[in-house]
Amino acid sequence: MYIFFFFFHNLSSSHLIIFIDCIFVTVVEVMENLAYLANASNLVLYLTQHMHFLPSESANSVTNFMGTAFLLALVGGILSDAFFTTYYIYLISAVIEFLGLVILTVQAHSGSLQPPNCDQSKPDQMPCQHVDGSKAALLYLGLYLVALGVGGIKGSLPAHGAEQLDGTTPHGRKQRSTFFNYFVFSLACGALIAVTLVVWIEDNKGWQWGFGISTLAILLSIPVFLCGSSCYRNKIPLGSPLTTICKVLVASVLNSCTISRSSNNSIASIAIISSPSQFTENTKLPSSLDSPSPSESLVFLNRALEIEYPQTLKCTVQQVEEVKVVIKILPIFACTIVLNCCLAQLSTFSVQQAATMDTSIGTLKVPPSSLPVFPVVFIIVLAPLYDHVIVPYARRLTKSETGISHLQRIGVGLVLSVVAMAVAASVEIKRKRVVNESAGSVDSGEPLPVTFLWIAFQYLFLGSADLFTLAGLLEFFFTEAPLSMRSLATSLSFASLAMGYYLSTVIVSLVNGVTGGPKHKAWLSGSSLNEFELEKFYWLMCALSALNFVHYVFWAKKYKYRSTT
């Protein structure tokens with residue numbers, strides 16, 4: 001109901017059509033995130049129990065899958081900016097994700113497409129057969145078709161929704177900020193259904209039903225999205241942003257190797273070539289990109305304006321300034337990767353921790369993969385509260401348009417990630433103490449006599465960090481990026497998630513390589529999570545997160561906002 005309250009509250013008739021477009025986008029995102037997260041949140045158990053992966057193998061496979069999905073958002077963003085519109089990229093990506101989910105549904109339904117059943121809790125039984133051959137090929141084909149579809153959607157849908165709002169007026173910018181908050185709210189709504197209803201169905205009725213529901217959700221999202229076709233505002237593709245970036249960088253390097261000439265005359269003569277065709281008709285250019293002369297920041301890039309041969313490398317002031325903007329936002333992007341590495345633990349080791357604990361609440365048996373319900377519910381409550389209470393109060397207090405700046409919001413998320421990892425380490429110490437005191441329960445395969453609600457604390461802090469950081473990043477990248485690169489810039493938010501998941505895989509491998517030896521086991525090795533030294537891994541992540549926050553503060557203080565448009 002909050003979504004509809006936002007879109008229809010205090011609207012004039014002239015704005016109503018635009019906000020209806022945004023409603024279609026947010027509803028579609030609910031359905032798409034349901035389809036994706038219903039499987040991603042529980043995938044580590046599917047791979048372990050049905051495909052017979054080892055715990056560390058399943059954790060790495062899940063982080064690789066999710067990392068690939070989010071990294072492919074860059075492809076969706078580039079294609080949206082360069083060749084297609086965000087409208088067509090969404091439709092193509094939804095069809096690809098649908099095909100991947102169909103493959104996974106068929107495999108989950110057919111026992112002949114899975115390895116033979118076995119009971120891994122019985123030590124006297126033969127080792128379980130790991131999925132291999134054509135069965136493994138089918139599994140990975142389905143997973144990475146889903147990843148390709150998810151990437152295209154994440155790279156196009158947020159920018160598509162934001163493009164419906166006018167960023168040239170203060171009211172339009174406030175509504176755009178609200179849209180990004182409610183986009184994250186929509187992600188949470190889809191996740192809530194995924195980690196409760198769909199995960200319960202997967203655990204109690206079978207994985208074929210869970211994959212089937214996801215397939216139906218992404219299929220239904222297509223006609224919902226098409227309902228707004230007649231009134232969507234679509235940005236005209238302006239050419240590949242990568243071409244502009246590469247051209248400016250290559251021209252700068254080449255010109256630095258030539259004989260120095262009078263740069264002032266060269267710049268003055270080339271500055272008049274600025275190309276208005278880079279922007280759509282009647283679009284107001286941001287002042288920092290409309291200047292007839294280059295800025296004094298990153299001055300080495302100004303050398304690109306002096307090159308005269310070859311003609312294909314001749315650059316305009318506008319192009320040079322656009323590349324400068326991209327380079328300036330990259331350190332902010334890099335500083336969020338460690339936070340997303342922490343978030344990767346929510347779908348891997350944290351799920352495995354909960355699976356060893358008592359997941360009962362009264363007479364209700366809660367699937368371990370439903371643990372993300374805690375941060376999801378918190379986001380659903382906090383997002384409207386943040387937008388309608390905290391931000392208006394901050395605007396009155398600071399006398400600024402945004403109230404809380406994008407970089408301040410991201411910084412809060414990074415601090416919360418440090419707290420979350422400290423809490424996670426403390427909870428694992430408590431869980432291991434119970435393991436040592438309850439050897440009988442461990443040997444019998446019974447849940448440990450400790451409630452899984454202890455794990456909820458790390459989910460709560462990391463979920464809060466995700467809300468502050470993701471919404472802040474989406475708006476920061478969209479607002480600061482040049483018009484011709486907005487889809488690509490917005491997709492950096494999800495690329496940061498991808499790099500975090502990949503970094504998690506690398507850190508797990510490095511930790512095992514460094515801590516393992518002939519006289520002692522690696523921290524994250526063994527057939528059971530109870531053999532891991534997971535608390536040490538969490539303390540390591542806490543230290544890395546703290547160092548990352550210090551790194552972020554350095555770059556955030558140096559950053560100067562480009563404009564208010």
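**Surface and overall make-up**

I began with the accessible surface of the protein chain, which comes to about 23,500 Å². Carbon and sulfur atoms hold 67% of that surface. I keep in mind that this is a predicted model.

Next I looked up burial: of the 565 residues in the protein chain, 56% are buried. For secondary structure I noted 20 helices and four strands. I also checked the contacts with a separation of 6 or more, and 83% of them join residues 24 or more positions apart.

**A nonpolar patch**

Back on the surface, I found a nonpolar patch formed by Phe83, Phe84, Tyr88 and Ile92. Together these residues have about 430 Å² of accessible area. I took a look at one of them, Phe83, and placed it in the loop between helix H5 (73-82) and helix H6 (86-109). Its relative accessible area is 55%, so I entered Phe83 as exposed, the cut-off being over 50%.

**Helix H9**

I then turned to helix H9, residues 207-226. How far apart are its end C-alpha atoms? I read 30 Å, and the 20 residues should span 28 Å at 1.5 Å a residue, so the two agree.

I listed the buried residues of H9 as well: Trp207, Gly210, Phe211, Ser214, Thr215, Ala217, Ile218, Ser221, Ile222 and Phe225. They cover an arc of only 160° around the axis, so I can put them on the same side of H9.

**Ile332 in H12**

My next stop was Ile332, in helix H12 (residues 317-335). Is Ile332 buried or exposed? With a relative accessible area of 0%, it is buried, since the cut-off is under 20%.

I set aside its neighbours within four places in sequence and found Ile332 in contact with Leu407, Ile410, Leu473, Phe476, Tyr552, Trp555 and Ala556. I also checked Phe477: it is 145 residues from Ile332 in sequence, yet the C-alpha atoms of the two are 9.7 Å apart in space.

**Gln353 in H14**

Last, I looked up Gln353, which belongs to helix H14 (residues 349-355). Gln353 has a relative accessible area of 0%, so it goes down as buried. Which residues is Gln353 in contact with, leaving aside its neighbours within four places in sequence? I noted Glu428, Arg431, Ile455, Gln458, Leu529, Leu534 and Tyr538.

How values were computed:
Residues numbered from 1 in each chain as written. Predicted model: local features only at pLDDT ≥ 70, side-chain atom pairs only at ≥ 80, totals over all residues. Heavy atoms only, no water. Helix = DSSP H or I, 4+ residues; strand = E, 2+ residues; numbered from the N terminus. Expected span 1.5 Å × (residues − 1). Buried < 20%, exposed > 50% of the residue type's maximum accessible area, 1.4 Å probe, protein only. Arc of directions from axis to C-beta. Patch = residues over 30% accessible without salt bridge, like charges linked within 9 Å, V, L, I, M, F, W, Y side chains within 5 Å. Areas by Shrake-Rupley, 256 points an atom, 1.4 Å probe, with all protein chains shown as cover. Salt bridge = Lys/Arg side-chain N within 4 Å of Asp/Glu carboxyl O. Contact = heavy atoms within 4.5 Å.
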